[in-house]
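Reader: I should be grateful for a close look at one part of this model, chosen so that its surroundings can be followed strand by strand. Please set out the overall fold first and then treat the pairing and the charged side chains in a connected account.

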Amino acid sequence: MDSASVPVPPGFAFRPYRGETDHPHILRVRLACRDGGGGIDPRSVVEPLPTSRAVADAAAAPGDPHRDQVLVEHEGSVAGYATITSWRDQDGTEVHLHRGWLLPALRGRGAGTAMVRWAEERIAALARAHGTVDRACFAANAADVEPESVALLTDLGYRRVFSVTEFERAGLGDLPPLPGELPGGARLRPAEESHYRPVWEMVREAYADTGNVGGWDFEEFARRAEPAHWQVAWDGSEVVGAALCVAGGGVAGAGDAGPDGGPVGEVRELSVRKDRRRRGLGRALLISGLHALARHGAGGVRLFTGSANPYRSYELYQSAGFRRVAEFGRYRKPFGD
């Protein structure tokens, strides 16, 4: 689809992504969105600020970044950009997520609507080419602290289908004591590369009946693995639970200083095998992970969970000193609309 076919407001123009030379422009737009207010949280792990490497990795991901990414110019200067990513849910739905960022000073002039229209036309062309129109949908994200984005999506026919809640523990100086022993006779073992697959399999099995594991492949899991602070519980040769904790600095935003001055760590995953739940193992792994991050110098910790996940464990997180800091809506629209 040619971006020239999308009507754009006066002073704006859409153009294709041009490769590495566009990476500084993309980073500048994202930083301006953070600094321009609107409730953007620089320490968020749900919507983190990208690093230069993250921008390059996104461009190298499957798909065609020259066709699945568009840059928005205003009076000859890059003012925003939009991207498309796709995956298949467990129920067979082909989900096409479009994301867009625009300089705060240029919002309210119709460029945001044009970016959504560009994405929808490109997605429709992809679905027709792949023969998936009958099982495809549009998807977009907007945080509750971005009312203009929420209004734009709802005005264009999108409906909120679930949300993601982000939690923060602002300091680690008052942690509950380390558990003496893990419940059920489980034992912690230092994580090694050979453990990646059994940990991944345990997490997938823990969410197998929730629909939350579609598209999560082992290669991606292994590529992002940072096992130095993982807390993995074993019963013999079987993994029965894990708190996958990472130190701050892995992504832009997560490494920003916390209230205590240290970097902000993250609990990327907390899972317990189904037959080991409701015995305190999850809490013991979480507390052990927080102590590991504190020893590393973390000044706070973030984590998130989705409303579509029946094991949200809000009470567990709050009992360990976490508080809710943000809600991120996930919106979808059928192709028929």
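**Strand 12 and its surroundings**

Author: Of the contacts in the protein chain with a separation of 6 or more, 74% are between residues 24 or more positions apart; contact here means heavy atoms within 4.5 Å. The model is a predicted one, in which local features need pLDDT of at least 70 and side-chain atom pairs count only at pLDDT 80 or more, while totals for chains, interfaces and linings use all residues. Residues are numbered from 1 along each chain as its sequence is written, and side-chain values use heavy atoms, with hydrogens and water left out.

The protein chain contains eight helices and twelve strands; these are DSSP runs numbered from the N terminus, helices being H or I of at least four residues and strands E of at least two. Of its 337 residues, 49% are buried, where buried means under 20% relative accessible area, exposed over 50% and partly exposed in between (1.4 Å probe, protein chains only). The chain exposes about 15,900 Å², and carbon and sulfur atoms supply 50% of that area. Accessible areas come from the Shrake-Rupley method with a 1.4 Å probe, and for residues only the protein chains shown count as cover.

The twelve strands form an open sheet with mixed pairing, in the order 1-2-3-4-5-12-6-11-10-9-8-7. Strand 1 and strand 7 (187-188) are the edge strands, each pairing on one side only. Two strands are taken to pair if DSSP finds at least two bridges between them.

Strand 12 is the part chosen here, and its place in the order is between strand 5 and strand 6. Strand 12 (residues 323-334) runs antiparallel to strand 5 (residues 136-143), with seven bridges joining them. On the other side, strand 6 (residues 159-169) pairs with strand 12 through nine bridges, again in the antiparallel sense. Phe328 of strand 12 stands opposite Ala143 and also stands opposite Val164. Arg324 in strand 12 is the bridge partner of Phe167.

Charged side chains add further links. The structure holds 24 salt bridges, each a side-chain nitrogen of Lys or Arg within 4 Å of a carboxyl oxygen of Asp or Glu. Side chains of opposite charge can pair when their charged atoms come close. Arg332 makes such a pair with Asp89, the closest N and O atoms being 3.0 Å apart. Because Arg332 belongs to strand 12 and Asp89 to the loop between strand 3 (77-88) and strand 4 (94-102), this salt bridge ties together parts 243 residues apart in sequence. Arg332 counts as partly exposed at 21% relative accessibility, whereas Asp89 is buried at 17%.

A salt bridge also joins the side chains of Arg324 and Glu327, with an N to O distance of 3.9 Å. Arg324 is partly exposed at 42% relative accessibility, and Glu327 is likewise partly exposed, with a relative accessible area of 22%. Elsewhere, salt bridges with shared partners join Arg43, Glu166, Glu168, Arg302 and Arg323 into one network.

Within that network, Glu168 and Arg43 form a salt bridge whose closest N and O atoms are 3.1 Å apart. Glu168 lies in strand 6 and Arg43 in the loop between helix 1 (23-35) and helix 2 (52-60), so parts 125 residues apart in sequence are tied together by this pair. Glu168 is buried, with a relative accessible area of 2%.

Another arginine, Arg99, lies in strand 4 and counts as buried at 18% relative accessibility. Its side chain is joined to that of Glu47 by a polar contact of 3.0 Å. A polar contact is a pair of N or O atoms within 3.5 Å; within protein, one must be able to donate a hydrogen and the other to accept it, and residues adjacent in sequence count only if both atoms are side-chain atoms. With neighbours within four places in sequence left aside, Arg99 is in contact with Glu47, Tyr81, Ala82, Thr83 and Asn141.

Helix 3 and the N-terminal segment complete the account. The 20 residues of helix 3 (residues 111-130) should span 28 Å, which agrees with the 29 Å between its end C-alpha atoms; the expected span is 1.5 Å times one less than the number of residues. Gly131 follows helix 3 and has a positive phi, near 70 degrees. Pro9, in the segment before strand 1 (12-16), is buried at 14% relative accessible area. Not counting residues up to four places away in sequence, Pro9 touches Arg109, Gly110, Ala111 and Ala114. The C-alpha atoms of Pro9 and Ala114 are separated by 7.9 Å, although the two residues are 105 residues apart along the chain.
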